[in-house]
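Hi,

Here's the structure I said I'd pass on. Have a look, and my notes on the aromatic side chains are underneath.

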Amino acid sequence: MTIDVEDWFHVENLRPAVAPDSWGTRDARVVANTSRMLEMLDDAGVSATFFVLGWVAERYPQLVRDIADGGHEVGSHGYGHELVSRLTPDAFTQDADRARKLLQDLSGQPVDGYRAPCFSITDWALPILRDLGHTYDSSYQPIAGHDRYGQLRGIDPDRTLTEVLPGFYEAAIATLSLPAPLAGRRLPWGGGGYFRLLPYRLFRGGLRRRLASWHPTVFYLHPWEIDPGQPRLGTSDGLGRLAAFRHYVNLDRTADKWRRLLHDLPWGRLDELIASHAEAADRPLRRAA
């Protein structure tokens, strides 16, 4: 179970209407929404991995401490929520390093995991993350044709965990493979807007199908996705209809659906899954000094 800790105004779908230089003036809701998620996780007895945006951590350091004190893993979502595809390797290094150091200082724990904004990972970023001290990335959605998702070479889309570099793993977001005659195509089944859009029983059934095939499942959600009271933007703000639909669809139903999911399936932290996988393969994780 993974949470990408960012506020509503950080979302790429809203960028045409929300300039980054206006973030500091917006109605900040991330602390209240994340705190609500922490309460729901505690009620379900679930420990999770929180990929925290550095911009958020710098402004709300107690939130990072609350996540760590709750027994959850703190991972990095980068600092400035820039798509990796828009950054040079040097700019990416600076962004990822700044976020990791900040989150480690605040949480008091190693920050092993990284998740790229909008899953915009690319091959050249992986050795940079390893050299910064991360032991895994969880940004890859093995589906084709998405306008923002990145792609990685040499990864079997049917595998959740792949050792892409010595001691460094990729933890892919859940997908479902389609049967014949559409074999070879995959549906995104890892959370977010897909979880909000699809009926709960259908989505849960897909996850159970994965688990029945012994596939660990990486699920994600954002704090703003349980917040139907967030500010609403529209065409008068420069937001297109498709972007508005993608962002706002079924926000009023997501908290109840997520609460059910926490109780209906077994969940845990990503670092613990990866550590157990590495131990079983007799391949210990390697951390930077």
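A quick definition before the rest: a residue is called buried when its relative accessible area is under 20%. Bear in mind that this is a predicted model.

By that cut-off Phe-203 is buried, as its relative accessible area is 0%. Phe-219 also comes out as buried, again with 0%. These two form an edge-to-face aromatic pair, 6.1 Å from centre to centre and with 85 degrees between the planes. Phe-203 belongs to helix H7 (residues 200-212), while Phe-219 is in the loop between H7 and strand S10 (220-221), so the contact ties together parts that are 16 residues apart in sequence.

The pair doesn't stand alone: Phe-203 and Phe-219 join Trp-189, Phe-195 and Trp-267 in one aromatic cluster. Phe-195 has a charge to go with it, since Lys-257 lies over the face of that ring, 5.0 Å from the ring centre.

In total I get 12 aromatic pairs. Another one is Phe-9 with Trp-55: the ring centres are 5.7 Å apart and the planes sit at 80 degrees, so this is edge-to-face. Phe-9 is in the loop between strand S1 (2-5) and helix H1 (30-44), and Trp-55 is in helix H2 (residues 54-59), so the pair links parts 46 residues apart in sequence. Both rings belong to buried residues: Phe-9 has a relative accessible area of 2%, and Trp-55 has 9%. Trp-55 also has a charged partner, with the charged end of Arg-59 over its ring at 3.9 Å from the centre.

Cheers

Note on methods:
Residues are numbered from 1 along each chain as its sequence is written. This is a predicted model: local features need pLDDT of at least 70, side-chain atom pairs count only at pLDDT 80 or more; totals for chains, interfaces and linings use all residues. Side-chain values use heavy atoms; hydrogens and water are left out. Rings of Phe, Tyr and Trp (its six-membered ring) pair if their centres lie within 6.5 Å; planes under 30 degrees apart count as stacked, over 60 as edge-to-face and the rest as tilted. Helices (H or I, at least four residues) and strands (E, at least two) are DSSP runs, numbered from the N terminus. Buried means under 20% relative accessible area, exposed over 50%, partly exposed in between (1.4 Å probe, protein chains only). A charge sits over a ring if NZ of Lys or CZ of Arg is within 6 Å of the ring centre and within 35 degrees of the ring normal.
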